[in-house]
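Open the model in your viewer and keep the sequence panel visible. The stops below are meant to be taken in order.

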Amino acid sequence: MNFDAPYTIYILAAYGIGFVLLGGASLSAWRDWRRVSGAWARLNGRGGRGS
Amino acid sequence: MAAASAIKAIHQTMLRAAQPARFVELSGMLIPWVAALGAAMFVAGLVDGLALSPPDYQQGETVRIMYMHVPAAWMGLFVYALVAGLGGLGLVGGHPLAFAAARAAAPLGAMFTAVCLITGSLWGKPMWGAWWVWDARLTSMLLLLFLYFGHIALSRAFDDPRRGDKAAAVLGLVGCVNLPIVKFSVDWWNTLHQPASVMKLGGPAIDPSMLWPLLLMAAAFKLIFFALWLVRTRTEVVGARLRAAASRSRMEGER
Amino acid sequence: MTRRRQRLILLGVGMAAVALAAVLVISALGDSLTFFYGPSDLLARPDAATHRVRLGGLVEPGTVSREGTMVRFTVTDGKSSLPVRYAGVLPDLFREGQGVVAEGRLTPEGGFVAETVLAKHDEKYMPPDVAAVLKKNGEWRAQQ
């Protein structure tokens, strides 16, 4: 890619937005899973109900 | 006869896989592979789209925005159809996993639609000379984003999650009429947005050197969506189990 | 199973009703969803002379001239054409033979004064060398 071309800033912004939104969705999906699965493991560990 | 019994066997296998407990186990095995493949495709698409593919004869380097914009648009439409289909499945069949999967998919579809709108705007300013115009394609795509917002809000609007799921499913099905409008708006009306380049009669009007990064990115977006969708559905399933356990222990406490 | 079948029929009827309503609404809206009109459509519209309208078509090759900040060019749809006057910055994709959408008013003299000019891109994507080969071989725009 030729960075001296006009509108490089628009291209970088477009890819930047894509990274930020995709990355944000991935992070939040992973964080929610960690939270929920952690709570589930604690519940089963302490409650002794087994699974 | 053999085909019928094969279909029955596949159906039984799918039903078994869709049992919440089995689903959590199966998706746990699948997610790392899908995510890794999606990430690899994404890197390949980035290298091809940003470095290897040529500039366009009219747009110059700005054509590269397409490799983000078009796959995101396809995902926005595809995920909406998926959410609507899952909603219909939940309404008719009453399978608990269908609503959970719809709830998990909708925010991802909204995310892809937002990527499409923002990157499209960043292309429109230098190429058309405007960030935004109210033509039929852009307006129907913005409506798609609002349909997603409506679905997300409705599915979380009630104390009883089943009521929210049903209301959101109805909205999702009604909103389906917008999908052909988005797709064919460029053919039915004069729009500033160009007509389809890839999915059109007579084959793509796009050079293979530019079609490849586009298809790579499209495959990457599909796989990344699939991985995130599995993670989020699994979260919904275990979250529902947690809520059930909490209400059970509350009842035991009262006794 | 019968309740499920009932719900399935209800869903089918509901979807058919929604689809029918959508078709009716879209056909009633008709060309008010259109973003621009070609020169022949625009000249045939009675309200075009008094309202701000959008004119779209191809920039006829050889008609672009500049005096200071004023640009003049002719927009054509193959059947009719309209001379356009515009004082301002043109977008990068503005080229002879390419699509353009001008927003402005018809003048009593039968011209068009544009307040904004947008470039319309077509659905073709190719590298510059491929375009050059097509042009050299005379296959340019032959597929259209």
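The tour goes from chain B to its contact with chain C, then to chain C itself and to one pair in chain A. Bear in mind throughout that this is a predicted model.

**Stop 1: chain B**

Select chain B and colour by secondary structure. You should find eight helices and zero strands. The C-alpha trace spans about 75 × 40 × 40 Å along its principal axes. Chain B has 255 residues, of which 55% count as buried. Among contacts in chain B with a separation of 6 or more, 75% are between residues 24 or more positions apart.

**Stop 2: B:His69**

Now select helix 3 of chain B, residues 66-93, and pick out B:His69 in that helix. Is B:His69 buried or exposed? Its relative accessible area is 17%, and B:His69 counts as buried because the cut-off is under 20%. Show what surrounds it: beyond its neighbours within four places in sequence, B:His69 is in contact with B:Cys116, B:Thr119, B:Gly120 and B:His193. For B:Gly120, draw a distance from the backbone nitrogen to the B:His69 side chain; a polar atom of that side chain lies 3.3 Å away.

**Stop 3: where chain C meets chain B**

Display chains B and C together and select the residues in contact. There are 36 from chain C and 42 from chain B. The two chains bury about 3,300 Å² between them, with 65% of that on carbon and sulfur atoms. On the chain C side, label C:Phe35, C:Glu123 and C:Tyr125, which lose the most area to chain B and together make up 22% of what that side buries.

What holds for charged and polar pairs across this interface? The salt-bridge rule finds zero, while 16 residue pairs are in polar contact. Next, highlight helix 1 (2-29), strand 6 (112-120) and helix 3 (128-136) of chain C; each supplies at least two residues of the side that touches chain B. Helix 1 gives the most, with nine residues. Coloured by residue type, the chain C side divides into 24 nonpolar, four polar and eight charged residues.

**Stop 4: the two domains of chain C**

Hide chain B and colour chain C by domain. Domain 1 covers 2-31 and domain 2 covers 39-120. Their C-alpha centres lie 42 Å apart.

**Stop 5: salt bridges in chain C**

Side chains of opposite charge can pair when their charged atoms come close. Select C:Glu103 and C:Arg52, which form a salt bridge with the closest N and O atoms 2.8 Å apart. The pair links distant parts of the chain, 51 residues apart: C:Glu103 is in strand 5 (residues 99-106), and C:Arg52 is in the loop between helix 2 (39-44) and strand 1 (53-59). C:Arg52 is partly exposed, at 41% relative accessibility. Add C:Arg54 and C:Glu115 to the selection to show a network of salt bridges linking these residues with C:Arg52 and C:Glu103.

Then move to C:Glu67 and C:Arg72, another salt bridge, with the closest N and O atoms at 3.2 Å. C:Arg72 is partly exposed, at 33% relative accessibility.

**Stop 6: a pair in chain A**

Finish on helix 1 of chain A, residues 8-47, and select A:Asp32 and A:Arg35. Their side chains meet in a salt bridge at 3.6 Å, N to O. The two residues are three apart in that helix, which means that about one helical turn separates them. A:Asp32 counts as partly exposed at 21% relative accessibility, and A:Arg35 as exposed at 52%. Over all chains, the rule counts ten salt bridges.

How values were computed: Residues are numbered from 1 along each chain as its sequence is written. Chains are lettered from A and ligands numbered from 1 in the order in which they are written. This is a predicted model: local features need pLDDT of at least 70, side-chain atom pairs count only at pLDDT 80 or more; totals for chains, interfaces and linings use all residues. Side-chain values use heavy atoms; hydrogens and water are left out. Domain bounds come from an automatic or database domain assignment. Contact means heavy atoms within 4.5 Å. Buried area is the accessible area (1.4 Å probe) that two parts lose on being put together, summed over both. A salt bridge is a side-chain nitrogen of Lys or Arg within 4 Å of a carboxyl oxygen of Asp or Glu. A polar contact is a pair of N or O atoms within 3.5 Å; within protein, one must be able to donate a hydrogen and the other to accept it, and residues adjacent in sequence count only if both atoms are side-chain atoms. Helices (H or I, at least four residues) and strands (E, at least two) are DSSP runs, numbered from the N terminus. Ala, Val, Leu, Ile, Met, Phe, Trp, Tyr, Cys and Pro count as nonpolar, Asp, Glu, Lys and Arg as charged, and the others, Gly among them, as polar. Buried means under 20% relative accessible area, exposed over 50%, partly exposed in between (1.4 Å probe, protein chains only).
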